[in-house]
Amino acid sequence: MFHWLEKNPFFFAVGVFLVIAYAGLITILPDFMNSARPVVGTKPYTVLQLAGRHAYIKDSCNACHSQLIRPFKSETDRYGMYSLSGEYAYDRPFLWGSKRTGPDLMRVGNYRTTDWLENHMLDPASVVPGSIMPKYGHMFNNKANIETAYAEAVTVKKVFNVPYDEKDMPKLGSFEEAQKLALEEAKEIVDNMKNPTVKEAYAKGEIKEIVALIAYLNSLK
Amino acid sequence: MQSSSMINYDYSVAKLFAFATIILGIVGMLIGVLIAFQMAYPELNNLAGEYGTFGRLRPLHTDSVIFGFLVSGIFSTWYYVGQRVLKVSMAESPFLMALGKIHFVLYLLVVAAVVVSLLLGITTSKEYAEFEWPIDIGIVVIWVMWGMSIFGLIGIRREKTLYISVWYYIATFLGVAMLYLFNNMEVPTYFASGGYGDWWHSVSMYAGTNDAMVQWWYGHNAVAFVFTVPIIAMIYYFLPKESGQPIFSYKLSLLSFWGLMFVYLWAGGHHLLYSTVPDWVQTMGSIFSIVLILPSWGSAINMLLTMKGEWQQLKENPLIKFMVLASTFYMFSTLEGPIQAIKSVNALAHFTDWIPGHVHDGTLGWVGFMIIAALLHMTPRMFKKELYSKKLMESQFWIQTTGIVLYFSSMWIAGITQGMMWRATDQYGNLAYSFIDTVNVLHPYYTIRGVGGLLYLAGFIMFAYNFYKTITAGRVIEEEPRSASPMAA
Amino acid sequence: MNWLNDNVNLLGLLGAAAIIVITVFVVGKYIKQMKTDKSTGELADENWDGIGEYKNPLPVGWALSFLGTMVWALWYFLAGYPLNGYSQIGEYNEEVAAYNTKFESKWANPDAETLQGMGEGVFLVQCAPCHGITGDGINGKATDLTSWGTEEAIVHTILNGSKGMNFPLGEMPAGLLDENSAKAVAAYMTEKVSKTGTKNSDLVATGEALWATCAGCHGEDGKGMGGSAPDIASYGKPEFVASVLNHGKKGVIGTMPSFNDGRLTDIQKLAVGKYVNSLTQ
Ligand code: HEM
Ligand code: HEM
Ligand SMILES: [Ca+2]
Ligand SMILES: [Ca+2]
Ligand SMILES: [Cu+2]
């Protein structure tokens, strides 16, 4: 039979395709609905946090940092409670990472704070001697992309029914409203920061990337 | 039977992709060396502002070696091997000729788009699938064109039975097509939101755990259908051809092929062990990884047995050396991977440097060496020139082998040390090390890895030089050699 | 610390050894055949670009190993990690329960030395990223713990106030007393309230007279009036540090997170407190 296939490329290709195609269906589909259900209390990201998440992706923090706490005592002691599937229900894309050059950040908001993160992102080795994490000075100058974050939030609300604007959930509203909300939310972070560029920009109604990033990191709990 | 020497094969597309392979190989590995040294000397992150940081460069490294070096190596060998084992020249079909050339031009355009977008930080973050939707579309078009070339050439073939290499090229085409499409299901936000934000931005169709499942179903099988299957296609052609030896066993070829196709797709769960995906999916991942050893080893053993009794060739011919060592590293990494896929071993190995160690056993030892050997075999035949220097190839071989050994031994030690330190407790049951302790101990190993990478890159540049000298200053050969490639001392 | 008591470490190392040994052994065997054997077999009719193909049977070792892995796979699925019986969270719960039982029986009544040692370990992992390895606060990025909890620190607090632990009484205002009076109160407080001992015993009496300023919020005994303000009778002691860990502190220098997410047990909190106190000496 195989020799026959080798003489009939069409059927050969169909055969190969069938042999490789179904494994995915069998492993992925059965638990698809279950895995998508949010844990009680999980909320979608606010527009500001989402902009920070985009900054995180833009600089590929996930190349060095995981966001997945495995159920081992050594990990829960270091990073906190192990991860649950439903906690990721609003993560598009997922950011588990596959390499821990730096520590896990799944719950970093529990044990690091705005001012620490500000110092650390500007010059990691100044707070953690010997750190090999790059400096992220450019995040203090780049503007956060609030508009794209808003576009994403509107998209997932429309297409995937993510519960924005519902009771106890983050608000979107029109783009102008969303911008205003983001500014309000950024205030507390900017107040807790020291960098003059960031503060001056904020006074002019502009949010820097670092502010959004810290909003995102603080939300990781 | 028509003798193959009567057909005038047209290698123009194969040549173009061969140039691309070499140039993108140098670029990708240069970035690899840079990021390797950045992990030892973080000041190197400051060379080019935000564009030179580790996070921006790492995806550029993986994507330029995979989609640059490796994939153009696959295309180059296809445009060479395909014609010969199907016994039909591309020149016989103006359509296929034109298609091949457009294929190359489009490929270059997409490569340029990838480089620019990754440097700007435009990425979706999914490993080996970082590209935003406009580039995805370009990639799909390129892939479809390659498929048309494969099936077009098969359609006008003279050789009725498909050679083993063609099986593997077909599988590469189908596998990647399916995987890439499903993993890149994304919604462009500019259009969905009614015109807000960056037009190229998109959001994944899947969320959280599901996104992870689809990504690693893709990621694992990208390893299968890009790092493995097409490279097997190459070795099944180039090793017997260069050595003049018949393949050891058809049965072994057959079982290995269908076994590999059947088993590989199930093993993706081993990237998600102890994550939030269901336990049974993880267990499946572990199981099929172990079963996968044998179909993988089948091809490698078939190659080693093809060289039975040919010690002389191994000693004399650097190309055979490259290919035998490639098979060896293929066996090495396809035993290493499965062992890392056992749950308790993965508990230690996952997230550590042992994984990049495993990766580069495969990519440097198996993929890199096989592509180098393939290009060296093709060069005298495509350009009708004798290879410029055997001595250079010999030194290249030893320099690169040393590089690989330094790379993997340092990453093994680094990874296992790191994994044990993360778990270690003191006598009171507290964690014994702060995270930064586990970073600082790795400094010497990161340095050694960087040196290993530098040696490998140096060898690759020697290879590029040899290639260049062959086509510009090699002695012209009248008739194509049947087996061993001609080379000057 | 014993690396090899840990199953995971042991299996990892065995796995690494197996990878090298098996590959070297098997490849070595075939390399030897390159030296000694001859290639033989019946050739198939087909031939591609000059490449022939033998009709040799499967190598027996390969075929048997293939079957072997399938048997192992069945075992792993049905017995090793049984399909309907295994849960990684269950395994984790067992791991933690076993640890806790052992910990509680072993360190039920830790002596001072144990607490100090345990505290040092916790400090280096959990606190050093902000307070520095020596506890000096990394150039003012967090409280300098080598001088925290002392008499001078009390003076500093009285002059500058304190905020951020979220007590019902809110903030303690700055400038409640002038410097000399503050010194006196600090002497009284360390001598009589927190009982850590003062260097200025001559000022205790003066301080006692001024204590009412403080008692308004902290109570006559300094115990914080049932949680309205911090219990400063424990100031400079492990218990106070533990209370900081429970409350967190959003102060003037910056914000310190609370440690209520289960990463530290009560004993560990006291232990790290003990260690922090030892930094002043
Ligand atoms: C000069 C040679 C090379 C050097 C020095 C090098 C260096 C590196 C470094 C430093 C990393 C990042 C590891 C980490 O984040 O811990 C990496 C990742 C990677 N490299 Fe290379 N590389 C080289 C060649 C190659 C080649 C030729 C390929 C493929 C054909 C390749 C494929 C990869 C892949 C797939 C990853 C990602 C691994 C992972 O995510 O676990 N590399 N490389
Ligand atoms: C039988 C064959 C193989 C199996 C079962 C296997 C298994 C594994 C496992 C368990 C991991 C680690 C996942 C983790 O803990 O993060 C891994 C990672 C990886 N392997 Fe393999 N491996 C095999 C062969 C290969 C070969 C031949 C190559 C390359 C030539 C390769 C390339 C990679 C890459 C690039 C990664 C990194 C993925 C990432 O980014 O995290 N593997 N493999
Ligand atoms: Ca990875
Ligand atoms: Ca994409
Ligand atoms: Cu894999």
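This is a short tour of one residue in chain C and then of the contact between chains B and C, in a predicted model.

**Stop one: C:Asn277**

Select C:Asn277 and colour the helix around it: that's α10 of chain C, residues 266-280. Is this residue buried or exposed? C:Asn277 counts as buried, because its relative accessibility is 13% and the cut-off for buried is under 20%.

Now show what surrounds it. Skipping the neighbours within four places in sequence, C:Asn277 is in contact with C:Gly236, C:Lys237, C:Pro238, C:Val241 and C:Trp148. Pick C:Trp148 from that group: 129 residues separate it from C:Asn277 along the chain, yet their C-alpha atoms are 8.2 Å apart.

**Stop two: where B meets C**

Zoom out and select the residues of chains B and C that touch each other. You should get 77 residues from chain B and 67 residues from chain C. About 6500 Å² is buried between the two chains, with carbon and sulfur atoms giving 70% of that area. On the chain B side, click on B:Leu294, B:Lys308 and B:Tyr428: these lose the most area to chain C, together 11% of what that side buries.

**Stop three: polar links**

Next, put C:Asp6 and B:Arg423 in sticks. Their side chains form a salt bridge, 2.8 Å from N to O. Between chain B and chain C there are four salt bridges, and 25 residue pairs are in polar contact, both residues at pLDDT 80 or more.

Finish on helix α9 of chain B, residues 279-291, which supplies nine residues, the largest share of the side of chain B that touches chain C. Colour that whole side by class and you'll find 47 nonpolar, 18 polar and 12 charged residues.

Terms used. Residues are numbered from 1 along each chain as its sequence is written. Chains are lettered from A and ligands numbered from 1 in the order in which they are written. Side-chain values use heavy atoms; hydrogens and water are left out. Helices (H or I, at least four residues) and strands (E, at least two) are DSSP runs, numbered from the N terminus. Buried means under 20% relative accessible area, exposed over 50%, partly exposed in between (1.4 Å probe, protein chains only). Contact means heavy atoms within 4.5 Å. Buried area is the accessible area (1.4 Å probe) that two parts lose on being put together, summed over both. A polar contact is a pair of N or O atoms within 3.5 Å; within protein, one must be able to donate a hydrogen and the other to accept it, and residues adjacent in sequence count only if both atoms are side-chain atoms. Ala, Val, Leu, Ile, Met, Phe, Trp, Tyr, Cys and Pro count as nonpolar, Asp, Glu, Lys and Arg as charged, and the others, Gly among them, as polar.
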